[in-house]
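Welcome, and please take a moment to look over the sequence and the model before reading on. We will go through a few places one at a time.

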Amino acid sequence: MTVDPRSPELTAPDFVAMLHASRMCVLVHDGATKNILWANPAACEMLEWSVTELRPLKANDMSSSAQQYDRVIGRAWLQEAVEKGASRIEWHYRTKSGRVIPTDAVAVRVDLAQGPAVMVQFRDIEREQEVERRLRLTTTWVDALAHHTSAVALMLDCSGALRFATDTAVSMLGADPDRPLGLLSDHATLRLDGRDAAWPAARDRADPVTRVQLEIPARDGRQAVWLEGSLERLTEADGDALLMLLHDVSERVLGEVRRERELHRENYLARYTAMGDMAMAIAHELGQPLAAAGNFLAGVRPRDQAVDAERVVYGIDSAVRQIERASTIVESVRAFVGHLEHVRQVADLNDVVEECLYFVRLRAESAGVDVRFERSPAPVPVRCERVLTGQVVLNFCFNALDEMAECPQERRQVVIRTSAGDGAGVVTVDDRGRGFPRDPFEESFTAKEHGSGIGLALSYRVITRQHGRIWAEHRPEGGSRFGFSLPSAEAT
């Protein structure tokens with residue numbers, strides 16, 4: 001006997017077999033009493049009851065105890081299917097062991113030989129609900145990331161076009177949030193390792209991640225912004241995407257710019273001071289030989305008709321010696337100043353001190369101070385800013401000479417030493433004065449009436465920025481020792 005003329009090959013037992021094999025859970029209720037008439041194996045397996053055990057059970061025996069799953073509501077749902085042909089609900093069944101299972105249940109009216117019945121088809125949606133809950137939570141997180149965080153995040157395609165940006169990123173880029181963002185290059189300058197770079201170079205280096213920097217130029221009255229972070233390649237089914245995570249480093253960059261400007265100012269000040277010292281030395285030292293040369297030449301002018309050849313020769317020779325002395329002074333200044341443009345080079349500390357020694361002795365001579373230079377027998381090569389380092393030597397020596405000028409004649413001695421050891425070159429300047437009452441490196445400028453104005457604090461910055469060390473200490477036998485050390489060029 002066939003049940004459906006459209007499928008003559010299928011018999012009634014075949015349909016029963018299919019219901020038994022289905023993984024969709026099926027319960028059949030009597031349309032009038034709502035009693036359970038039958039359950040397929042999938043329903044029995046989920047509910048942990050056999051058909052025989054299920055038949056006498058009512059809704060309250062196999063449903064959640066929550067109010068929305070009350071027996072009255074269950075019967076009304078089944079009755080709606082009887083009257084309207086179908087009804088759908090989310091129903092929480094309770095298994096024999098007490099586990100509550102959320103299901104998506106559809107009740108359909110079926111007219112059986114014995115009368116109307118309701119066939120309930122239901123499936124476990126607990127896993128689906130958990131996935132949906134996680135999806136909602138993830139969506140909330142993504143929404144918070146996009147709209148309520150200070151993080152700067154950009155999603156780009158392989159062409160460098162911006163596909164997504166957090167609200168903070170949109171604001172920093174100065175973009176219109178209601179219009180397509182366009183290319184990254186439309187909004188900012190991309191940098192790799194501190195240098196301007198094109199998008200393809202950054203994209204190719206992201207394998208899978210690389211460091212990047214962005215500079216957003218100043219516009220519409222807003223200051224320039226510097227960002228730093230990572231560019232990471234994300235492999236997607238429909239093509240690679242690139243995620244850029246950045247943080248604002250504008251304060252750090254501006255601080256570096258300020259420090260760079262201060263370094264330039266210090267360089268200028270030191271060079272200006274060096275030139276000033278040289279000018280004073282020239283003015284003071286040239287006056288003496290030139291005046292003497294003039295006196296010698298005036299002395300050989302004949303006062304009468306008789307010419308004393310010996311006196312003329314003596315006067316001319318003496319004038320020549322004085323002029324040669326003046327020339328030596330000029331050459332020494334020229335040699336010292338000639339290094340002003342050599343900002344960073346390898347220099348022998350012995351030579352640096354020798355270049356300064358001429359000017360130190362010029363000042364020492366007028367103050368009656370004995371200057372000794374204990375030169376290292378071997379070269380002391382260091383990598384330094386030669387003129388600025390020389391200015392520190394001059395500053396140490398001039399301070400020592402000024403101190404010695406206040407002391408008795410027998411104590412007026414300054415000793416300059418150079419040495420090498422432990423990967424560094426060292427210069428020290430010893431005096432036999434009164435010492436120092438407080439940290440000499442605290443004051444930015446000298447408080448002395450006569451001085452270069454450079455101050456030991458500036459000397460401190462000159463040495464330390466070259467990765468050196470500078471110090472001042474009291475000598476056990478009295479007086480002070482000022483010194484500095486610079487890393488040896490042989491060790492770098």
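Let us start with V26, which has plenty of company: leaving aside residues up to four places away in sequence, V26 touches L19, W38, A39, N40, A43, M119, V120, Q121 and F122. Keep in mind that this is a predicted model. You will find V26 in strand 1, which covers residues 25-30. Is V26 buried or exposed? Its relative accessibility is 2%, and because the cut-off for buried is under 20%, V26 counts as buried. One of the contacts deserves a second look. V26 and M119 are 93 residues apart in sequence, and yet their C-alpha atoms are 6.8 Å apart in space.

Now move along to a sheet. Seven strands make up an open sheet with antiparallel pairing, and their order is 7-6-12-11-10-8-9. Which strands stand at the edges? They are strand 7 (162-165) and strand 9; each has a single partner strand, so one side of each is left without a neighbour in the sheet. As you follow any strand with your eye, a general point may help: in a regular strand the side chains alternate between the two faces of the sheet.

Strand 8, residues 189-192, is a good place to see the pairing up close. Towards strand 10 (residues 209-216), strand 8 runs antiparallel and is joined by three bridges. Here T189 stands opposite E215 of strand 10. Strand 8 also pairs with strand 9 (residues 195-196), again in the antiparallel sense, over two bridges. In that pairing, R191 stands opposite D196 of strand 9. How many residues lie between strand 8 and strand 9 in their hairpin? There are two, and D193 in the turn has a positive phi of about 55°.

Charged side chains come next. In total, the structure holds 31 salt bridges. One of them links strands of the sheet we have just visited: E228 pairs with R211, with 3.8 Å between the closest N and O atoms. Because E228 lies in strand 11 (residues 225-234) and R211 in strand 10, this pair ties together parts that are 17 residues apart in sequence. The two partners sit in contrasting surroundings, since E228 is buried with a relative accessible area of 15%, whereas R211 is partly exposed at 45%.

Another salt bridge joins the side chains of E128 and R123, at 2.5 Å from N to O. Here E128 is partly exposed, with a relative accessible area of 42%, and R123 is partly exposed too, with 31%.

For a last stop, find E477 and R475, whose side chains meet in a salt bridge of 2.5 Å, N to O. Is each partner buried or exposed? E477 is exposed, with a relative accessible area of 56%, while R475 counts as buried at 15% relative accessibility. This pair also belongs to a network of salt bridges, which links R372, E374, R417, D430, E473, R475, E477 and R481.

Definitions and conventions. Residues numbered from 1 in each chain as written. Predicted model: local features only at pLDDT ≥ 70, side-chain atom pairs only at ≥ 80, totals over all residues. Heavy atoms only, no water. Helix = DSSP H or I, 4+ residues; strand = E, 2+ residues; numbered from the N terminus. Buried < 20%, exposed > 50% of the residue type's maximum accessible area, 1.4 Å probe, protein only. Contact = heavy atoms within 4.5 Å. Pairing = 2+ DSSP bridges. Salt bridge = Lys/Arg side-chain N within 4 Å of Asp/Glu carboxyl O.
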